[in-house]
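Dear colleague,

I am handing over the structure below, which you have not worked with before. Please look it over first, and then read the notes that come after it.

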Amino acid sequence: MEGSGKARRLPRCPYPSTPGGGSGKISLITRKIAWLIEGANYDPAKIIAVTFTNKAAREMAERTRKLVGSDTRGLTISTFHNLGLNIIRSEQKRLGLRGGFSILDSDDSRKLINELMQREGGDDDMADTVQHAISNLKNDMLSVEQALAMAKSPREMLIAQVYEGYERAKSAYNAVDFDDLILKPVQLFDQHRDALEKWQNRTRYLLVDEYQDTNLSQYRLVKMLAGVRAALTVVGDDDQSIYAWRGARPENLVQLQEDFPQLKVVALEQNYRSTQRILRAANAVIAHNPHVFEKKLWSDLAPGDPIRLVCCKDEQHEADRIAGEIVSQKARGGKWNDFAVLYRGNFQSRLIEEKLRERQVPYKVSGGQSFFARAEIKDLMAYLRLLANPDDDTAFLRVINVPRREIGPTTLEKLAQYAGTRHVSLATAAGELGLAEFLGGQYREKLHRFVHWLDDVRQRLAKLPAKQVLNEMLDELGYEAWLRSQSASPAAWQKRMDNVQSLLDSIHRMSEKEDDQGAKPDIGEVIAKLVLLDMLDQQEENDDSDRVQLMTLHAAKGLEFPQVWILAFEEEVLPHRNSIEANTIEEERRLLYVGITRARRQLTFTYAQKRKQYGEMNSCTPSRFVAELPAADIVREGDGTTASAEQKTQSRDAALAALDALFKK
DNA sequence: GAAACTCCAGTTTTT
DNA sequence: CTGGAGTTTC
């Protein structure tokens, strides 16, 4: 799927290469699966393919289904986290988890950590950093004990202490976080040989996508599942490793060769996506990084247009020029979809959006708020979690006053005190009679009513269809009215109701779907899968509207566009200032490499001479990477040589577009 | 309980 | 300069 890659494989795989996109890494995996099933007679139920994102998993599953004529029943194509969830589920008792355990998303984790830090007396704005640090510790497979023993500075000590409290809280809440979904299976396999053997038997062949993005715990999981048989294929591209900052270890690609010497390395160097000039630029740039695997992309396609390097006066001029050119090039044919504008940071989309709006150009910004970050979805999910898992205090606290139930902080504090002495969860404590010693009549009554109502919904859920019960639940809550009171406009209210409805629809669909044994999942399973699902992705998939694509360089990985613009090709932006300071220029270069290889036909860099930042004008220096591009394939514009004619057209176009916009209003 | 005010930071992000 | 979060105020 990407610009290039490395693959390891067993016997020869006779399925034809399917050009289309990069050098065909996904295609290699799907063909390999097809060959395993049809050529080597593997049982599909014993093949597992893992990816990082739901989107990639979906694409892989779809393409495999198209390729394989015979039955693929039981074939597992899923994300690392989903696979981890299934492993945990198969052994949850041994992992100390009770049925219906909750999965905390990063928001829930951060909130929990924040609370713990207040107890430990740390600064409040540190929660983010600490969350990150704890996640790193976990991905590096360091236990609480190790973290406590290793801590040298007071800062590390604080982190280790919060880590301890965090793990304890999670186990009291009967909850796991995202990192646990990988970590717990590894720990399970470490401690229980039989569980490991069971899963190794279940994994006669393992395939892994984007291997350069694996972290230590994911790497260990792969190694364990593959076992000594080493029946595995992995694809990856060390030059596209752009997530080191969140724990990815591209060196896993090298390590693999040492762990499994029998693996064969296959370099995928032919690229089916980009013109020769674009690939020359990509090769030239990345040649400045040190390499373990040498490779050079080449193409059968035409040399193509030169790569343009456009100098602009300032950021306004830059955005205006890009928007203007997109409009005039679209006029010559093609679709808005063919254009992508890539940038280093999300905030950089604003100006471009403005200029595109001025010209009435439809556009789509990727990134931003995920479906599950929305308040109404978080509310509903918290209710669902609490229904599946009464011990989930995080969920309890979120919904206790949504909608308003007039239960104040003092009441909750007393409830927490009582729950603490009895070592039970908040919801359990709220239902107990002993609470009377702590809390007077009317307050206790409100809590009682709430938990009894929850119990009642829970019972209905066990007997009746989920969709019906949940609709009743929302009615009984008066949730619609509450959302209206919380929404700024009728339109916003409608949007939120639509979101709620689409969540209910997904739940309905998922709870009706039978597994291979013909059994329907219970509500706890459905919720667990939902937390791991990005519904925004799915909505996007169905969204075939024709719009210019705006996204960060990171978000563009794995995608391709006929025409690509890369903004603000300047020092301190690309490479980013922090990366210059942190001396991680190589990763910035890879980010640029990813950006370049997104383009199929045309690639344009822009930079500004000066730029308004934090309210003041600063002059900018073109990126050091400019010097790494092959001079023969570059044309410069706007730096005094060819500018004027083009610029006049640009400003005339802009004026006309503005007039046009006025008329339409 | 919402408006007004102050203060602060300001890459990248999936699950 | 901006937007968001958190705090104060009526």
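The notes below go through the DNA strand, a helix, the nonpolar cores and some of the charged pairs.

Please keep in mind throughout that this is a predicted model.

To begin with the DNA, the residues around DNA strand C are R350, Y614 and G615. Of the atoms of this strand that lie within 4 Å of the protein, 50% belong to sugar or phosphate, and the rest belong to bases.

Turning to the helices, α8 runs over residues 180-191 and spans 16 Å from its first C-alpha to its last, which is close to the 16 Å expected for its 12 residues. Helix α8 is mostly covered, since nine of its 12 residues are buried, and among these are D180, K184, P185 and F189.

F189 also appears in the largest nonpolar core, which has 95 residues, and where F189, F396, F450, M473 and I507 touch the most other members. The helix that gives the most to this core is α15 (residues 375-388), with nine residues. As for I507, its contacts beyond the neighbours within four places in sequence are L384, A466, L470, I523, V526 and L530. Another core, of 37 residues, lies apart from the largest one and includes Y243, A248, A556 and I585.

A polar residue may be worth a look as well: N499 lies in helix α22 (residues 490-512) and is buried, with a relative accessible area of 3%. Leaving aside neighbours within four places in sequence, N499 is in contact with F371, R374, E376 and I377.

Finally, the charged pairs: the count comes to 52 salt bridges. In one of them the side chains of K170 and E167 meet at 3.1 Å, N to O; the two residues are three apart in helix α7 (residues 154-172), and are therefore separated by about one helical turn. K170 is buried, with a relative accessible area of 2%.

R422 and E432 form another salt bridge, at 3.0 Å from N to O. Because R422 lies in helix α17 and E432 in the loop between α18 and α19, this pair ties together parts that are 10 residues apart in sequence. R422 counts as partly exposed, at 41% relative accessibility, whereas E432 is buried, at 17%. Elsewhere, salt bridges that share partners join D105, D107, D108, R110, K378, R385 and D392 into one network. Within that network, R385 and D392 pair with their closest N and O atoms 2.9 Å apart, and both residues are buried.

With best wishes

How values were computed
Residues are numbered from 1 along each chain as its sequence is written. Chains are lettered from A and ligands numbered from 1 in the order in which they are written. This is a predicted model: local features need pLDDT of at least 70, side-chain atom pairs count only at pLDDT 80 or more; totals for chains, interfaces and linings use all residues. Side-chain values use heavy atoms; hydrogens and water are left out. A residue is near a molecule or strand if one of its heavy atoms lies within 4 Å of it. Helices (H or I, at least four residues) and strands (E, at least two) are DSSP runs, numbered from the N terminus. The expected span of a helix is 1.5 Å times one less than its number of residues. Buried means under 20% relative accessible area, exposed over 50%, partly exposed in between (1.4 Å probe, protein chains only). A nonpolar core is a set of buried Ala, Val, Leu, Ile, Met, Phe, Trp, Tyr and Cys residues joined through side-chain atoms within 4.5 Å. Contact means heavy atoms within 4.5 Å. A salt bridge is a side-chain nitrogen of Lys or Arg within 4 Å of a carboxyl oxygen of Asp or Glu.
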